[in-house]
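Okay, thanks everyone, let me pull this one up on the screen. I'll go through a few backbone details and then one sheet.

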Amino acid sequence: MGDWDCYCALCAAPFHCFDLFNEEFGNREDASDPHVIKAEDLEWLENLKVLGFNPNAPGVSKCFITGPATSSDYGSFYCELGEDPNVPPATEQGPPARTIITAYSTFNPDEPIAMAFHADCLEVFAQALTYQLHGKCKPKLDLTMVDKDLLYGTMTKLTEECLMALKLDYGELADSVTEQYWGYQPGQEAWVSSPLTSPQITSFLKTIQHQNTISPPNQPESEPTPPHTTNPFSKLAKEITCEILLYLPYPALQALTLSGLLPFHLSSISAFWKRKLAIDMPFLWDILTLSNLGDGFDIYHTMKRHCFATTPETEIGEDQIPRVVGQRDLSLVLGLANRRRVWNACLQLAVLYEKEMGECGGGGGNGNKNEDVDQEILMGSKSLGVPIVAAPVSKDAKFLSVFLMERWEDLDREWVIKFYFEEGEGGRLCGVERVGGVVFGERRGEGWRVVVGEEVRIVGFVLNVGGAGDLGREARVGVTGVKVLFQDGTEFQIGSDEGDKRLLRAGEGMVVTGLSGELANGVIQRFGLLQCPRGTTLPPTHTAPPTVQRHLWKTSLPPPNIQATTYQTGYWTPARSFDTIAMSFLIFGTTPLELAKITGFSSDAKLRSFGVHFADGSETVIGPRDGVEGERKVFRIDGAGGEVVTKVEVGVNHLPMAIKITTSHNRIAFFGTNQKNEHVIYEPPPSTHLIAGIYASWGYSADRRKCTTISVLTAAKDGGLGDEGEVPGVMDGTAWSPPGFENARPLAPRSEAIAVANEEDYVEFAGRWW
């Protein structure tokens, strides 16, 4: 697939202009005119930032604006982290530390959509928003007045697959934004000029301020044309007539003036034209605030000439190269024309932003609903993730944040919480409400009641996610049941208990204070906890949920003392987010005593199942096992003799290609394809942790026959929960091979699905290297 360019979400201009003056490929006639625009006039294009959504951000708000960013290939941007705490962790340590974010179409269902824009354009949008909300601009603005959550929610509704900007009318660049690459067309210099900080604008402002320090001489008003006998304007006071004329479009005003119907000379009324300037060109906030603009008629028409300049006419020559017809007007301030164009696009967005703000009750999905919440709870509550729990995923989603507790005294009171589901069997969760409070989502029907008794508090939920077995992008997935967990160990189940499970539980020392997430298509699309420490002695800062809580688990939850290491995926991803693809876990044992009962590990060459065998003859198997996986081989393990799995390696290409297992007796098994791009090594420190099992998913293609993730489960040897100090997988790009022929030369076949589990296999596959 070819590369593509991304464009500014606010103005549709690119983030760089490659060889605008044709210096790279020769002196062609379709180059930009260096007398009209210079290279330094284009530097603003590379001053950009990215707006995105980070579901794992620790705060209640999940949106972020990065520091300075640089555009790269395939819609990706290398972004400095800046000062926003919600920016995803650095993928490059720098200096400066940077993270890679893909804008607009990511083609990865697990990567939330992001939008890029020029820093100058964000300031224009802030002024357009101020104008939309308050009827006028301000000379200087604090950009924090733009709510990131509202802006993100507004922009995502205007995105479309394969569109590299928003669905806005970008004026003169409306056609360019649909192109795969930015291709400069002669005469477009104005539309790549800064609307805010161009040298032309700066110089023009200084000039006009200097020229207007001396007031122009008074112009005597000439005798008006005798009024028509039926002329209605002859009966109105001049002030009233002028007030009416202010709101006429300029072409109509011009026609009326030339008609001779006005009983006075409108051009001589300077105050009228200054007011008309503010109405017709409110985007000139830096000019409208000048103390003395001079003659209003002159300044209005001067600004109209600059601001409403158009793309010059072009013609196609015999060599099929377009050229500008005639001489260029070098006196035009092109940045002002671009400001008018960018303003119009930003004003469209500001109208939608205001609508979104009204739907959210005032801002950011919270509005003023939290005004009764104690400050300690309001400021101390964190949300450590809002996973997707429903499908199909809609971009037209409303971010939610609702407090179930308003003050600590609520812990000592009895209260009722209600859960609302769609009607009918398999109805999905639509809303949650503390009776008498604000609903998280929507109310449907009577709802399911759960009584929270005095001195009993909620510590979490187990969400039952139905429909996740259908791997299609449009599958109907959602929360069909909820198990409420209390701190005294009791539980209360509502709705269905059949399906896959997701655990959401407050951390140690934390109290569940509310919920955060999204509502889309009438159901809860994302669901997370708000949790807050109580008291002055705060626990260690948590920035991510415990590892087991990061996944949807098939049918049941792993044991509580298990830790799930991060998995690596290939470039083939499921049709939906991994948040809604169930992980299957295979437990070897969580203690040395349990590991001593293992007699073997089994799989096949195509990774369609994994099994563990025990001394009593039983086995546990995960995976489709659809009957076409071929022979399943068993790798024997002497658990009774102290042999345990100490290292697991996973080869990755477009999908996980193979798994390689090493035991404490330095014995090795290999299942999969002997070709890969990279591999991951999972080897927990043997003094503190043991490999307690593996987990995997089969989420690629609707028939579940493609393995999409493999990783390991670990447990602390001391029996602790083990979520502190996660055991990471180490990426290793060096060559590695199946056992027994580490030093073999690359003989055909280069790629073959094999299962190597015993000495006979070593002999059979000798010379076929990974």
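One cut-off before we start: a residue counts as buried under 20% relative accessible area, as exposed over 50%, and as partly exposed in between. And keep in mind that this is a predicted model.

So, Tyr74. Its relative accessible area is 43%, so Tyr74 goes down as partly exposed. What caught my eye is the backbone: phi is positive here, about 55°, and this isn't a glycine. You'll find Tyr74 in the loop that links β3 (69-71) and β4 (76-80).

Now jump to Asn521, another non-glycine with a positive phi of about 55°. Asn521 sits in the loop between β18 (510-520) and β19 (523-533). Buried or exposed, this Asn521? Exposed, because its relative accessible area is 51%.

While we're on the backbone, there's a cis peptide bond as well, running from Ala391 to Pro392, with omega near 0°. Pro392 belongs to the loop between α10 (375-380) and β9 (398-403).

Okay, on to the sheet. It's an open one with 4 strands, ordered β16-β15-β14-β17, and the pairing is antiparallel. Which strands stand at the edges? Those are β16 (491-495) and β17 (500-505); each has a single partner strand, so one side of each has no neighbour in the sheet. On average, neighbouring strands are turned by 20° against each other, ignoring direction.

Zooming in on one pair: β15, residues 478-486, runs antiparallel to β16, and 5 bridges link them. If you want a spot to click on, take Lys483, whose bridge partner in β16 is Gln493.

Conventions:
Residues numbered from 1 in each chain as written. Predicted model: local features only at pLDDT ≥ 70, side-chain atom pairs only at ≥ 80, totals over all residues. Heavy atoms only, no water. Pairing = 2+ DSSP bridges. Helix = DSSP H or I, 4+ residues; strand = E, 2+ residues; numbered from the N terminus. Axes fitted to C-alpha atoms, helices over the stretch in contact; angles between N-to-C directions. Buried < 20%, exposed > 50% of the residue type's maximum accessible area, 1.4 Å probe, protein only.
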